[in-house]
Amino acid sequence: MAIPADAVLREMEEAACEIAGRAGEVLLERFRSTLHVEFKDRRGLDPVSDVDRAVEAMVRAELTKRFPQCAVLGEEGDDSGPAGADSVWVVDPLDGTVNFLNGLAVFACSLGLLWRGIPVVGAVFLPTSRHLRPGVYHARRGGGASFRTLGETREDEAVRFRPSGLNPGVRLSAVPAGTRGVQGPRGRRFGCTRTTGSIAAELVLTAEGTLQMSVFEGAKVWDVAGGVVICGEAGAAVHVRSRRRGAWRPLERLAGGDERPPPLTELRSWNDSLAAGNPATLPQLAADLREQQGRLAAMRRLLWRGE
């Protein structure tokens, strides 16, 4: 069974872009308002707000109405749709909840469509961008990546990964939180490190070349399902490193296989490492970063033991 035809994916991409834009309007309306907040962990470090749940409910209802043949997996709600569906919508209604709660305008709403585990459609809303306006980054497999300004009917603007002419030492790289002083064996190849608090936002910033590289450990499928399509179609490379295998490899699918769609439980438990960036340097940079992190971790263990 083949990946859906381009005309089908085009329709789904357009719907995802529209729905992500509507979700973005809700997020902007609720930004800096009074929210009801609960916590998903005992330590009170993983918050979920009423706006997370409201946006996911709205997105889920729209996707179910338009595409009843698809399953829907959301970060905050129960899985829904036909069992064993080939196509699964993966929804993160508000990626960057802590930023949102604190009034920091770095957050996203991400929609991704997986066909038998292969990312084929993505739409990610950002409240601001290099265009200095809110909008939706969107893409479909084989169709290129674009940016659409929120609330306007103007033509989409193409999004392409363009390596900057800046010295690599002053380029930006998004790396896991807590990484400091990262130096590759050949110098400051990672540039200036940043952590924004939103994986979906960092992926689309990588797609357009604002970030030369982004690396994530322990990401969830809803964090990356939309952004990886946009990165790939913009010309950025996307690699994964499974927990069982240490080597980085190009991303082909997140789960499942040619002969079967992955169970939603398998998708929900996905948390491999993922990296995106310049195709010419990404694999080695990601490997260098991993090596450097391993050295830093070993030093911390020695200091902790007092050796």
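A salt bridge here is a side-chain nitrogen of Lys or Arg within 4 Å of a carboxyl oxygen of Asp or Glu. The views below show a predicted model.

**Figure 1. Salt bridge between Glu56 and Arg60 in helix α2**. The closest contact of the two side chains, N to O, is 2.9 Å, so the pair meets the 4 Å cut-off. Helix α2 spans residues 50-66, and the two partners are four residues apart in it, about one turn of the helix. Glu56 has a relative accessibility of 3% and Arg60 one of 13%; both are buried because buried means under 20%.

**Figure 2. Salt bridge between Glu13 and Arg140**. The N to O distance is 2.8 Å. Glu13 belongs to helix α1 (residues 6-30) and Arg140 to strand β7, so that the bridge links distant parts of the chain, 127 residues apart. Glu13 is buried at 6% relative accessibility, and Arg140 is buried at 8%. The whole structure holds 15 salt bridges.

**Figure 3. Salt bridge between Arg260 and Glu266, and a network elsewhere**. The closest N and O atoms of Arg260 and Glu266 are 3.3 Å apart. Arg260 is partly exposed, with a relative accessible area of 39%, and Glu266 is partly exposed as well, with 28%. In a separate panel, Glu18, Arg22, Glu62, Lys65 and Arg66 are joined into one network by salt bridges that share partners.

**Figure 4. Aromatic rings of Phe31, Phe100 and Phe107**. Ring pairs link these three residues into a cluster. The structure contains five aromatic pairs. One of them, Phe100 with Phe107, is edge-to-face, with ring centres 5.0 Å apart and 80° between the planes. Phe100 is buried at a relative accessible area of 2%, and Phe107 is buried at 0%.

**Figure 5. Arg241 over the face of Trp248**. Arg241 lies 5.5 Å from the ring centre of Trp248.

**Figure 6. The largest nonpolar core**. This core has 43 residues, and Leu203, Val221, Val224 and Leu274 have the most contacts inside it. Helix α5 (residues 221-234) gives the most to the core, with nine residues. Beyond its neighbours within four places in sequence, Val221 contacts Leu73, Val90, Leu114, Leu254, Leu267 and Trp270. Another core lies apart from this one; it has 35 residues, among them Ala20, Leu35, Met58 and Val59.

**Figure 7. Two residues with positive phi, Arg116 and Leu132**. Most residues other than glycine have a negative phi. Arg116 has a phi near 50° and sits in the loop between β5 (108-115) and β6 (118-126). Leu132 has a phi of about 60° and is placed in the loop between β6 and β7 (135-140). Arg116 is buried, with a relative accessible area of 10%, whereas Leu132 is exposed, with 75%.

**Figure 8. The chain as a whole, for orientation**. The chain has seven helices and 15 strands. Of its 307 residues, 52% are buried. Among contacts between residues at least 6 apart in sequence, 60% join residues at least 24 apart. The exposed area is about 14200 Å², of which carbon and sulfur atoms supply 51%.

How values were computed
Residues numbered from 1 in each chain as written. Predicted model: local features only at pLDDT ≥ 70, side-chain atom pairs only at ≥ 80, totals over all residues. Heavy atoms only, no water. Phe/Tyr/Trp six-rings, centres within 6.5 Å; stacked < 30°, edge-to-face > 60°. Buried < 20%, exposed > 50% of the residue type's maximum accessible area, 1.4 Å probe, protein only. Lys NZ or Arg CZ within 6 Å of the ring centre and 35° of its normal. Helix = DSSP H or I, 4+ residues; strand = E, 2+ residues; numbered from the N terminus. Core = buried A, V, L, I, M, F, W, Y, C linked by side-chain atoms within 4.5 Å. Contact = heavy atoms within 4.5 Å. Areas by Shrake-Rupley, 256 points an atom, 1.4 Å probe, with all protein chains shown as cover.
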